[in-house]
Amino acid sequence: MEEKETSHRIAASDDVEVSTYLEIARELHGEQLTSEVETISPEVREAIAIIDFGSQYSHLIARRVRECHVYCELFPYDESWERIASLRPKGFILSGGPASVYQAGAPLAPAQLYASRLPILGICYGMQAVVYQLGGQIAPATKHEYGQTVLQTIDKESPLFAGLPSSLLVWMSHGDQVVELPPGFKALAYTENSPAAVIGSDGNIFGLQFHPEVAHTPQGKTIIENFLYRICGCQGTWTPRNFINESIRTIKEQVGDGRVICALSGGVDSAVAATLVHQAIGNQLTCIFVNNGLLRREEPERALNTFRNNLKMNVVYVDASERFLKRLKGITDPEVKRRRIGEEFIKVFEYKAARLGKVDFLAQGTLYPDVIESTAKETKAAAKIKTHHNVGGLPTKMSLTLIEPLRYLFKDEVREVGLALGLPEDMVWRQPFPGPGLAIRIIGEVTQERLEVLRAADWIVMNEIKKANLYRQLWQSFAILTDLRSVGVMGDYRTYGYLIAVRAVTSQNAMTADWARLPYDLLARISNRIVNEVPGVNRVVYDITSKPPSTIEWE
């Protein structure tokens with residue numbers, strides 16, 4: 001296929017030296033870059049900026065960087081340079097993506113990224129963007145490369161391969177390939193179908209045609225770690241304690257003399273968020289626990305005891321069960337459920353805030369996966385999966401300013417922070433529970449009668465999982481009340497009862513998940529107890545679908 005030159009393409013000649021990337025970057029947009037952009041300071045906090053071209057694996061890149069105790073953030077490829085530069089990164093990682101760089105309008109990296117003279121690691125499409133923008137050529141491969149393959153190193157002295165053997169198993173997923181390297185680059189490794197599977201330059205710009213972030217590249221984390229430590233000069237200083245100190249300082253500056261209310265759900269996310277805010281501003285925080293009628297059995301009582309007695313916080317209890325059920329009457333669409341619940345939460349908070357005096361801020365436990373899946377502005381290159389009530393379910397106009405101290409953390413990081421804060425282990429390791437509660441585990445309309453059926457079934461699932469000592473090994477385990485009824489026979493009589501589905505998954509961060517291979521005898525006990533102890537249920541099924549293609553929750 002003949003390449004189409006675009007205004008973003010760098011036209012570089014063969015005699016361009018590696019040291020002239022700054023001039024090449026100026027040529028890219030035909031403009032002079034300011035000295036402020038040219039000299040990004042890599043000091044202050046260690047950080048890596050990940051430029052997201054829409055890859056399904058972008059979040060995994062962030063996870064691997066965080067696992068190396070280096071802070072990072074995902075930015076869409078068309079984010080403003082000022083926003084990216086404000087992170088003061090020590091290097092950049094360019095993600096994969098579904099596009100082809102030679103197509104009109106294909107996403108490319110900002111010119112200032114090259115002008116910064118900071119290390120760059122391009123992954124799959126990110127590598128192709130580097131090649132294309134710096135004067136090389138990309139073309140459709142005669143043979144696509146998908147799945148695991150063997151990588152053979154050429155330059156064993158490259159810092160990317162430090163501590164690694166000369167042959168590695170890597171995961172490929174691409175249909176384009178490098179046919180001409182940019183000036184100053186050389187191939188560092190190859191596979192059977194990719195002569196330039198890894199490339200590099202003396203200017204600390206590297207490219208990987210494979211995906212080091214996925215589990216199918218067993219030693220991929222080492223490659224990322226080598227880039228962070230040996231090339232970017234990171235020291236791995238981002239720890240839970242450093243995060244806590246930085247968060248407390250930031251919250252103090254943001255709140256000043258203001259007052260904050262915090263939405264408590266009983267889960268680890270809101271507990272950690274509330275504890276961070278409480279340590280920062282003390283009695284300026286009032287926690288509000290809303291019983292929306294969508295909680296599990298005994299959950300309100302346990303949560304109140306923890307926050308009031310163990311954490312010594314000022315907690316206002318609001319029973320809004322009837323109010324939420326009224327808002328959900330007749331609603332079957334899951335997105336409408338989420339939005340109505342999110343809107344009602346804010347109305348309750350603002351109602352209570354008006355009676356507490358002047359309140360300025362609302363703190364909540366939004367996490368990074370919530371942001372990613374809801375396609376907030378940080379990740380607009382990705383496709384929307386569903387609305388999280390902490391993100392997309394909020395009204396566009398609120399009288400309170402949000403404080404979200406966990407917005408850029410994954411769940412396991414939140415747990416590490418919770419332990420560092422001294423929270424009880426049973427709270428820290430509590431399985432995730434969705435903000436909309438049981439409403440999205442009831443398929444169809446939410447009614448009081450259906451809620452009681454689900455609470456009883458869910459109680460049995462949780463009880464048996466804990467008795468089998470599997471609770472900590474599972475990411476989530478719960479029951480779903482489907483909108484199906486089936487014929488059964490109980491006590492020689494025909495029944496036409498509810499069908500309960502049981503869901504149990506393993507995961508590291510909820511972005512991907514695998515169905516748990518629960519023992520047959522455990523599934524049998526759960527099924528027998530549900531059909532015998534929960535009135536109106538005569539059938540139980542087990543969900544054996546992973547994420548993707550499914551989500552963890554059914555709605």
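Two strands are said to pair if DSSP finds at least two bridges between them. With that in hand, the sheets of this predicted model can be read strand by strand.

A good place to begin is an open sheet of five strands, arranged in the order 12-11-10-13-14 with parallel pairing. Strand 12 (315-319) and strand 14 (401-403) stand at the edges with a single partner strand each, so one side of each has no neighbour in the sheet. From one strand to the next, the twist averages 30 degrees. Strand 11 (residues 285-291) is joined to strand 12 by five bridges, and the two run parallel. Within this pair, Cys287 has Val315 in strand 12 as its bridge partner.

Two helices pack on this sheet. Helix 8 touches strand 10 (260-264), strand 13 (361-363) and strand 14, and its direction makes about 165 degrees with that of strand 14. Helix 10 (residues 299-310) touches strand 10, strand 11 and strand 12, and here the angle of about 165 degrees is made with the direction of strand 12.

Helix 8 also has a helical partner. Two packed helices are described by the angle between their axes and the distance between the axes. For helix 8 (residues 240-255) and helix 9 (residues 268-281), the angle is about 65 degrees and the axes are 9 Å apart. The crossing of helix 8 past helix 9 is right-handed. On the helix 8 side, the contact includes Phe243, Ile244, Ile248 and Val255, while Leu276, Val277 and Ile281 are among the residues contributed by helix 9. By type, the residues of this contact are nine nonpolar, two polar and one charged.

Another set of paired strands is centred on strand 4. Strand 3 pairs with strand 4 in the parallel sense over three bridges, and Phe92 stands opposite Ile120 in strand 4. Strand 4 pairs as well with strand 9 (residues 205-208), again in the parallel sense, over four bridges; in this pairing Ile120 stands opposite Ile205. Is strand 4 covered on one face or on both? Both faces are covered, with Ile120 and Gly122 buried on one side and Leu121 and Ile123 buried on the other.

Some backbone details also deserve a look. Most residues other than glycine have a negative phi, and most peptide bonds are trans. Cys124, in the loop between strand 4 (120-123) and helix 6 (125-133), has a positive phi of about 55 degrees although it is not a glycine. Cys124 counts as buried, since its relative accessibility is 5%. Arg88 likewise is not a glycine and has a positive phi of about 55 degrees. Arg88 sits in the loop between helix 4 (81-85) and strand 3 (91-94), and with a relative accessible area of 39% Arg88 is partly exposed.

Cis peptide bonds appear in the segment after strand 18 (537-542), where Pro548 lies. The bond from Lys547 to Pro548 is cis, with omega near -15 degrees. A cis bond also joins Pro548 and Pro549, with omega about 15 degrees; Pro549 too lies in the segment after strand 18.

Turning to the interior, the largest nonpolar core has 162 residues, and Ile48 and Ile530 are those with the most contacts inside it. Apart from that core lies another of nine residues, including Ile443, Trp475, Ala501 and Ala510.

Conventions. Residues numbered from 1 in each chain as written. Predicted model: local features only at pLDDT ≥ 70, side-chain atom pairs only at ≥ 80, totals over all residues. Heavy atoms only, no water. Buried < 20%, exposed > 50% of the residue type's maximum accessible area, 1.4 Å probe, protein only. Axes fitted to C-alpha atoms, helices over the stretch in contact; angles between N-to-C directions. Left-handed = near helix turned anticlockwise from the far one by under 90°. Contact = heavy atoms within 4.5 Å. Nonpolar A, V, L, I, M, F, W, Y, C, P; charged D, E, K, R; others polar. Core = buried A, V, L, I, M, F, W, Y, C linked by side-chain atoms within 4.5 Å.
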